[in-house]
Every structure is written in structure tokens, then in C-alpha cells.
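Colleague: Could you walk me through this protein, one question at a time?
Modeller: Happy to! Let's look at it together.

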Amino acid sequence: MFFEYHYTVSTRDTDPFGHCRPSSLLSLLQEAATEAALDFHVSREEMLEKHNAFWMLARIWYQLKNPLHWNDTLTVRTWHRGGKGASMYRDYDLYLGDEWVGESVSTWVLADADTHKPLRLSRFSEFEGTTGEGLCKSKLLTKVRLPEGMALAEQRRLHYSDADVNRHVNNSKYADFACDALRLETLGEGQFVSALQVGFLAECRPGEMLELYTGQSDGTWFVHGTDADGKSRFDAAVTLSPWAENRS
């Protein structure tokens, strides 16, 4: 089973190069997952009411053939792979019209609302018979392997505008943190973010300070975010690729 979500890229989603910003694409993928959960009656509100449990996004990755632009109408097709342990994979295929333009994989954890401890998904009957079956991807998301010698790029204070209804920094914001730390306004000239993986290691809240470290290895840029005490908060891996202004 799969769910389809449609979205038209707006001006607020675009970056200085006219591309859909990575954080906007993460928001779109998260919204598609939310709508799919609503459709299959496993939404945040329903799981809280029935099981005192809530969803946490642990890792997300995407890759694109070409950058997305303002006014592109994107179709997101998404499904889950089922889950027997503490985490569940959700896959996505992205289309412009009938053209496949990218894909994404994310891992989610269902946690107890009081203890925040992960719960085994096999205990929940809601997921039976609702996987993507033959559509399911084989890609697994492992922890981002950071290169040696990463350097401090900036310190970033977290504010009201970074937080969401859960009172912590919204998942999509970490893509902005990574792109800003890499100075993508200069690094990205003639290129676009063709692949991105973010690992969410600990919640961040307004008022906290992040220290952002950057490095490069084998053509991939890395960003590692820690708090003032050195505790890891997130990791990101960013791949840049050339893009052609005139698309077929």
C-alpha cells in the first residue's frame, strides 16, 4: 500500500539559486509522512490517544536527479516497510508528472510519551497488511561517518523561529543549519544539493547554542552539531552536483 501527496514548490521554498531549499524538501517529506499516517490511522494524535506513544524521526536521506524549482508540482509516493524492532523505515519516490526525479528513505521510532523509550513495533496491530510490499527499497540508513579533522565553522544560537509545536527544533531546520555552516551561498554556485542525509541525535531547544563543525571527504561535505558541552546533537552529509539551467 502507498500514499500519494502533491505539492507545488512556492517562492518561500526556494534558495538564492532558484532551487527548492533542502530544508523545504525535508518539510515536504515529513508532511507526506504525516498525511500518510493520518490516512492509515497511525497519526501522532491517534497513537497518543490509543497507546500513549508518539513518532520520532531518527534519520532521513534523499537524492535528486535535478534540482526542484519554483512552481514545480511534485508528486510524493510513500509507504512503510513494516517493523518488528524499535524502528520503521519509510520510503518515498518523487515525480514531476510521470518523470521519476528522486527518492528518499527515513527511519522512524515510536516512543513512549512519558519515558521516550522506543517501543517494539510488532506489538501494534495497526501496521499489519499496510506495507509497500514490492515497492519497498533495500537502502538502509547507518550513522553518518564523519571525517577526521573537522573544523569549527560557527556557533549558532537557537531561537523561537527554529522551534515547532513540540517545543523543540523542527527536523527540517537541521538542513538549514548544515547548509549555512557550509556557506552554501558561495559553495553552491553552479551546483545543487543532490543528496542529503541527516541523523537526529538529541533534541535541541530555543535558547541553546550549537557548535557546527564542517569537513570534506571523497566529494561529500559533512556537518557535525554539538552543544556547548560537546554532546552530539546531529550529523549531516551533503553531496553537491552540477546542474543545467535548461531542463528537458
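Colleague: Which residues does UniProt list for "domain: Acyl-ACP thioesterase-like C-terminal"?
Modeller: Keep in mind that this model is predicted. The name comes from an unreviewed UniProt entry. In the model, that stretch of chain is 22% helix and 29% strand. The residues listed by UniProt are 157–214.

Colleague: Is Arg156 buried or exposed?
Modeller: Let's find Arg156 first: it is in strand S6, which covers residues 151–157. A residue counts as buried when its relative accessible area is under 20%. Arg156 has a value of 19%, so it is buried.

Colleague: Which side chain joins that of Arg156 in a polar contact?
Modeller: Leaving aside neighbours within four places in sequence, Arg156 is in contact with several residues, including Phe177, Asp180 and Met209. The polar contact, at 2.8 Å, joins the side chain of Arg156 to that of Asp180.

Colleague: How many bridges join S6 to strand S8?
Modeller: S8 spans residues 209–217, and the two strands run antiparallel. As one example of who faces whom, Ala151 stands opposite Thr214 in S8. The number of bridges joining S6 to S8 is six.

Colleague: Which residue in the turn between S8 and S9 has a positive phi?
Modeller: S8 also pairs with S9 (residues 220–226) in the antiparallel sense, over seven bridges. Here Gln216 stands opposite Trp221. The two strands form a hairpin with two residues between them. With a phi of about 50 degrees, the turn residue you want is Asp218.

Notes:
Residues numbered from 1 in each chain as written. Predicted model: local features only at pLDDT ≥ 70, side-chain atom pairs only at ≥ 80, totals over all residues. Heavy atoms only, no water. Helix = DSSP H or I, 4+ residues; strand = E, 2+ residues; numbered from the N terminus. Buried < 20%, exposed > 50% of the residue type's maximum accessible area, 1.4 Å probe, protein only. Polar contact = N/O pair within 3.5 Å; in protein donor to acceptor, adjacent residues only side chain to side chain. Contact = heavy atoms within 4.5 Å. Pairing = 2+ DSSP bridges. UniProt positions renumbered as here; feature names shortened; annotations may be inferred.
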